[in-house]
Each structure stands twice: as C-alpha cells, then as structure tokens.
Number of protein chains: 2
Amino acid sequence: MDAICKCKNIDKKELERTVAEQPDAETIERLSTFFSVFGDGTRLKILYYLSRHELCVADLASLVQMGQSAVSHQLRNLRLNRLVKVRKEGTTSYYSLDDEHVQSIFEVALEHINEEQR
Amino acid sequence: MDAICKCKNIDKKELERTVAEQPDAETIERLSTFFSVFGDGTRLKILYYLSRHELCVADLASLVQMGQSAVSHQLRNLRLNRLVKVRKEGTTSYYSLDDEHVQSIFEVALEHINEEQR
DNA sequence: TTATTATATGAACAGATATTCATATAAGGA
DNA sequence: TCCTTATATGAATATCTGTTCATATAATAA
C-alpha cells in the first residue's frame, strides 16, 4: 500500500502498524453479522425476554406482539447466530439464551444511549 | 395483557415482573439503531482506524479501499449516531471517535466470535 | 384414522440500506 | 479571476432484510 496518508500530520510508522494489525476480512464479516443480529427491535425484545426466562414460541409471539411465523423466522436467525438454543418437548420448542455475552452487550449499549442526552 | 404464557411451566408473578420491567419502545428503537451502525463492514473498518488515529476522509477512503463518496456517506451516518466527530482545517475534515464505549463494544463482540469455534 | 396443536419454512412483497455517479460547496493557490 | 483540491450530498440503483401468507411437519388426542 502506498497511497496512504496524504494528510501528513500522523506518524507513518504508527499508521503502518495500524494497517498491519487491522482485523482480517473474516473477522470483520463475523463482527458485522454479529452486530446486525442486535440491530432489530423484534430480536432485541426476544433476547430481552429470553434473558429472563426460557420461553416457547407462542409465548414469545404474544410477548413481542408479532405473528408466530415472524417470531419463528427470527428465532431461526438467532439460532444460526448462536445466540439462542432450543429444547424440544413434544410439539413445543423452548428457547433460551446460548451466550453469556448478550447481557454485557446490552449493558454497554444501554450505557451509551443513556449518556447520549448531554 | 392476558394471552401470555400458554406454556405453564414458568412462574406467572415473575413473568409479570419481566413484562413490567421491559425496555420501553424508545429504548428498543435507540438500541437497535445503535447496533445497526456496527452491523456494516465499512463502518467497522472506519471505526477501527479511528480508534487508532484521527484521520481525514481521503486517508480513510484509501485505508478501507472504498470511494470517497461512500466513505463520506458512512461518516455522515456515524456522525449522526454520535460515534465520530469532525474537526475542519481548511478544506480537509479530520474525523475521530466521539465515544468511549466503542472500544468496549468491540472487545465483547470479539470475545463472542472468538469463543464461537468450540 | 382424523383432527388439533405447536412450530418451521419457502415464496412473495415491501421497505430499508450501501454504493455509485454526478454535482455542489468552499478553501487555497496560480 | 480561474483552477485545483477536499469534502458533502441528492438521486438512482441494486441488494438485503423483515413480515406475511400459505403450507409442511410432527406430536398428541379423540
């Protein structure tokens, strides 16, 4: 890379280190996918409820006030992204959180938006 | 609310408390918007570079390998969401992070995706 | 078996989003 | 003044995403 840094007020050595240490493409891809999962109100609500109780699909649908199909699709999304897990009992599926980081993520984000009104 | 909890294996009192304490619509809205900002590779890269240096638009464009216009649009997005701030000097705009939480957010998310390959 | 209940999923559709292109603005130099 | 450079932004476009609808699956009850 050569076209870097036309604005010369930063240390070239340091910038090179920054480029060398940049997260690789796969990491960026996974990070953006991960955050996208939290970037939807319906999924956030689902995650909130699941952070409190293990719940079946019908109850989640009633809690977030969405159709069963919509919730089912979103649970699939959350499952594929390893944020929730299922336990089947007869015909009903019980979902719960599958990640210890969800809580931390919520907390930092809440901190951020609460400090926003300065 | 009444249609709640057809699956009766959870404590009704506790569920009512969960509903009572649920984040309000505005909080959900702000949270999902906040996370959406992180849900894009280009913006993640920009945030990474800005976490290391204050940089002008042209340099950012060269670093993330995108057109000036695309980067400018994304910086606008980040600015409106209060994650970056600008400092103007003549015709050039220097951008830097405007949020102490960005680093924490990155860290928790990286922890998550790194533990993913079990 | 037939009916019912709980959930999952493909297809269609609408709305959102990222990038590009063209152009505008605005500062500084010739 | 005119030209160049750095950035910003509106419009157009292509892609992605969330919800709905219809239907499939699978367990259980009658």
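# Reading a protein–DNA model

Q: Which residues come nearest to DNA strand D?

A: A residue counts as near a molecule or strand if one of its heavy atoms lies within 4 Å of it. There are 23 such residues around DNA strand D, and R43(A), S69(A), Q74(A), S69(B) and Y95(B) come nearest. Of the strand's atoms that come within 4 Å of the protein, sugar and phosphate account for 59%.

Q: Before we go on, what should I know about the model and its numbering?

A: This is a predicted model, in which local features need pLDDT of at least 70 and side-chain atom pairs count only at pLDDT 80 or more, while totals for chains, interfaces and linings use all residues. Residues are numbered from 1 along each chain as its sequence is written, chains are lettered from A and ligands numbered from 1 in the order in which they are written, and side-chain values use heavy atoms, without hydrogens and water.

Q: Which atoms of DNA strand D form polar contacts with Q74(A), V57(B) and S69(B)?

A: A polar contact is a pair of N or O atoms within 3.5 Å; within protein, one must be able to donate a hydrogen and the other to accept it, and residues adjacent in sequence count only if both atoms are side-chain atoms. Here, a polar side-chain atom of Q74(A) lies 2.7 Å from a phosphate oxygen, and a polar backbone atom of V57(B) is 3.3 Å from a phosphate oxygen. The side chain of S69(B) instead has an N or O atom 2.6 Å from a base oxygen.

Q: Which element gives the most to the surface near DNA strand D?

A: Helices (H or I, at least four residues) and strands (E, at least two) are DSSP runs, numbered from the N terminus. On that basis, α5(B) gives the most, with five residues. Among the other elements that supply at least two residues are α3 (41-50) of chain A and β3 (92-97) of chain B.

Q: And which element leads near DNA strand C?

A: There, α5(A) gives the most, again with five residues. R43(B), Q74(B) and Y95(A) are among the residues that come nearest to strand C. T91(A) has a polar side-chain atom 3.1 Å from a sugar or linking oxygen of this strand, and so does S93(A), at 3.1 Å. A base oxygen is 3.3 Å from an N or O atom in the side chain of H73(B).

Q: What relates chain B to chain A?

A: Two copies of a chain are related by a rotation about an axis and a shift along it. Copies are superposed by least squares on the C-alpha atoms of residues with pLDDT of at least 70 in both. In this case a turn of 180° and a shift of 0.0 Å along the axis lay chain B on chain A with an RMSD of 0.1 Å. The two copies are thus related as by a two-fold rotation axis.

Q: What span should helix α2 of chain B have?

A: The expected span is 1.5 Å times one less than the number of residues. For the 14 residues of α2(B) (25-38) that should be 20 Å, and the end C-alpha atoms are 21 Å apart, which agrees.

Q: Which residues of α2(B) are buried?

A: Buried means under 20% relative accessible area, exposed over 50%, and partly exposed in between (1.4 Å probe, protein chains only). The buried residues are T27(B), I28(B), L31(B), S32(B), F34(B), F35(B), V37(B) and F38(B). With contact meaning heavy atoms within 4.5 Å, they pack against elements of both chains, including α2 (25-38) of chain A and α6 (101-115) of chain B.
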